[in-house]
Structures are given as C-alpha cells and as structure tokens.
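Here are my notes on the model you sent over, point by point. Have it open while you read.

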Amino acid sequence: LLPLVEAANVQDKKQIEDDLRDLINRFRHGNEFGSLINFNRELDWDDLDKVANAPVISEQADLFTDVPAYKGKLRELIKAGKILAAAYETVVTNPPYMGSSKMSANLKKFVNDNYTDYNGDLFSVFIYRDLNWLS
C-alpha cells in the first residue's frame, strides 16, 4: 500500500491508508458476503481513485510486488465499493431464503456482527440491506 499512497497526490496520507485498509478488509470475504457488504462510514473515493491510478516508479516497487495487477485489483475494489456505498431510487432483488442454521460459520458471524436484528434468516438481512440503499 505504501508505494501507491506515497505516489498519489493526496492531502491526508494517514486517512487514505486507513480507507485502503478498510476497503480491502471489507472485501476480504467478498465472494461470500457479496452485496451485504455495507459501508457505515464514508470513504474518500476521490483519493482512493488517485491512489489506484498513481504512477509508481521502479524504486518504489520490489521484486515481489506485481504493481499493475495490484492496482487493477484495487480499482475493482473501489468500483465495487462505490456501487455498494451509493444510494438508489429503486432496488430490485431476489433475496435468498436461508435460515441461520444453513449459513456457513463465516457468514453467520458476519450477519450477527452487522445485521443483529435481522439474523434469523438471510432473506430479512437482504431486505434490510435493500431498504438502506434507497435514497
């Protein structure tokens, strides 16, 4: 992260490092949590874009870092994060019906940590999440 942050033209490097860690951690289990990933604090999307598109000179990279691939993945996370953080006028969905007893341990913990009042069924979690997307 540091070579990209250092190369970017951002004012608050500490804040953007925190935003990057937050973004990456939220998507750590993105394949399992999908659109249930919620952003309860606003990230600085403009500065994140600057970091993902910052030129990195060869001295800032090392032999073990594939900077172009890393930057590509970071741009994908930023794009998905913006979509999940936005508000919408209409939400169309087909939420899954899955009781908590059928959830994986990882999904159950995520739902309990983030959607405590709706953790009995994945359907109710999705409906709650969908309502929060509405502007």
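1. A definition to start with: a polar contact here is a pair of N or O atoms within 3.5 Å, where one must be able to donate a hydrogen and the other to accept it. With that in hand, look at the start of α7, where a side-chain oxygen of D121 comes to within 2.6 Å of the backbone nitrogen of F123. Do bear in mind that this is a predicted model.

2. Now the overall picture. The protein has seven helices and zero strands, and along the sequence the pattern reads α-α-α-α-α-α-α. Of its 135 residues, 31% are buried. The exposed surface is about 8,500 Å², with carbon and sulfur atoms supplying 52% of it.

3. On contacts: take those between residues at least 6 apart in sequence, and 64% of them join residues at least 24 apart.

4. Back to α7, which covers residues 122-133. From first C-alpha to last, this twelve-residue helix reaches 17 Å, close to the 16 Å expected at 1.5 Å a residue. Which of its residues are buried? They are L122, V125, F126, R129, D130 and W133. Seen down the axis of α7, these buried residues fall within an arc of 130°, so they line one face of the helix. The general background is that an α-helix has 3.6 residues a turn, so residues three or four places apart point the same way.

5. Then the aromatics. The count comes to eight aromatic pairs. One of them is F27 with F39: the ring centres are 6.3 Å apart and the planes sit at 45°, so this pair is tilted. F27 is in the loop between α2 and α3, F39 in the loop between α3 and α4, and the two are twelve residues apart. Both count as buried because the cut-off is under 20% relative accessible area: F27 comes in at 16% and F39 at 11%.

6. F33 and F110 are worth a look as well. Their rings are stacked, at 3.9 Å centre to centre with 15° between the planes. F33 belongs to helix α3 and F110 to helix α6, so the pair ties together parts that are 77 residues apart in sequence. F33 is buried at 8% relative accessibility, and F110 is buried too, with a relative accessible area of 14%.

7. What cluster do F33 and F110 belong to? They form one aromatic cluster with Y115, Y118 and Y128.

Note on methods
Residues are numbered from 1 along each chain as its sequence is written. This is a predicted model: local features need pLDDT of at least 70, side-chain atom pairs count only at pLDDT 80 or more; totals for chains, interfaces and linings use all residues. Side-chain values use heavy atoms; hydrogens and water are left out. Helices (H or I, at least four residues) and strands (E, at least two) are DSSP runs, numbered from the N terminus. The expected span of a helix is 1.5 Å times one less than its number of residues. Buried means under 20% relative accessible area, exposed over 50%, partly exposed in between (1.4 Å probe, protein chains only). The arc is that of the directions from the helix axis to the C-beta atoms. Rings of Phe, Tyr and Trp (its six-membered ring) pair if their centres lie within 6.5 Å; planes under 30 degrees apart count as stacked, over 60 as edge-to-face and the rest as tilted. Contact means heavy atoms within 4.5 Å. Accessible areas come from the Shrake-Rupley method with a 1.4 Å probe; for residues, only the protein chains shown count as cover.
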